[in-house]
Amino acid sequence: MDFFTSWDILGISLVLSLRFLGPFALGVSLIAWAAFGPSRSGTRRRSSLLILLLGVLMCVAPVVLFLATDILG
Amino acid sequence: MRRFSVFVVGAAVGVALLLCSAFAGLLGFASVEGAALSAFLLFALVAADVVIGGLLARFLLSGTGPSRGGGRSEGLFVGGSLFAGAFAGGLLLGAMILLDTPPAARTLYDFSAGPGLGLVYGMVLGVPAVVGATLVELRFYSSGGDNAPRRLS
């Protein structure tokens, strides 16, 4: 059977993609909300900066963890 | 009619994003470089998901009159359409897995793979679309576009 027509391999690929896709979805959503959300002044601006940093961390974390496990493991 | 077309397009985009995620994940099987390329493609898919959600909401809001603008949450509608598409794609994938497996070898995992993946991917792909569409909706109402009522102070 051809590799690309094997449907269970596509399912396994979907499961393995979630380790990147899940954090990316949350991180990009946080970044978009912090960058383009309704702008307010004062403490809200500081909290939006924290949300932006959290989003960047969510996007970077799976890549760093994957590379770290590849190097150390 | 506009809402129906937005739902159909959103569902089609949800199926397409599910399949693109599956094929992008296949690149990560080969090597570390392939995994890095796979991660980059998945990031691009999520970013495109936000943009597509915003575009669909903008298209949905462009025909909104002053009497219809108020209490509807178009962001949830757009995200729900992508959720429905990804869930339908997962069901299709599960059906193909079942048909690809001999009846004697079918286990609980074979039956639950499609609906489970569809639900998870519906949520994962729906959230960025909801965020993008809600951002566009908030900006639309705050700028008073198409005579819509103002919702932000």
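Q: How many residues does each chain bring to the contact in this predicted model?
A: In this predicted model, chain A contributes 25 residues to the contact and chain B contributes 31 residues.

Q: Which helices of chain A supply at least two residues each of the side that touches chain B?
A: Helix H1 (7-36) and helix H2 (43-72) of chain A each do so.

Q: And where does the largest share come from?
A: The largest share of that side of chain A comes from H1(A), with 19 residues.

Q: How do the residues on that side divide into nonpolar, polar and charged?
A: On the side of chain A that touches chain B, 17 residues are nonpolar, six are polar and two are charged.

Q: Turning to chain B, what does its secondary structure come to?
A: Chain B has four helices and zero strands. Read from the N terminus, its elements follow the order α-α-α-α.

Q: How much of chain B counts as buried?
A: The figure is 46% of the 153 residues of chain B. As for contacts in chain B with a separation of 6 or more, 73% join residues 24 or more positions apart.

Q: What span should helix H4 of chain B have, and what is the distance between its end C-alpha atoms?
A: Helix H4 (residues 108-142) of chain B has 35 residues, so at 1.5 Å a residue it should span 51 Å. Its end C-alpha atoms are 50 Å apart, which agrees.

Q: Where does the kink in H4(B) lie?
A: The kink, of about 30°, lies at Gly114(B), shortly before the proline Pro115(B).

Q: What about the backbone just after H4(B)?
A: There, Gly144(B) adopts a positive phi of about 70°.

Conventions. Residues are numbered from 1 along each chain as its sequence is written. Chains are lettered from A and ligands numbered from 1 in the order in which they are written. This is a predicted model: local features need pLDDT of at least 70, side-chain atom pairs count only at pLDDT 80 or more; totals for chains, interfaces and linings use all residues. The expected span of a helix is 1.5 Å times one less than its number of residues. The bend at a residue is the angle between axes fitted to the seven residues ending there and the seven starting there. Two residues are in contact if their C-beta atoms, placed from the backbone, lie within 7 Å. Ala, Val, Leu, Ile, Met, Phe, Trp, Tyr, Cys and Pro count as nonpolar, Asp, Glu, Lys and Arg as charged, and the others, Gly among them, as polar. A residue is buried if 20 or more other C-beta atoms lie within 10 Å of its own, exposed if 12 or fewer, and partly exposed in between; C-beta atoms are placed from the backbone.
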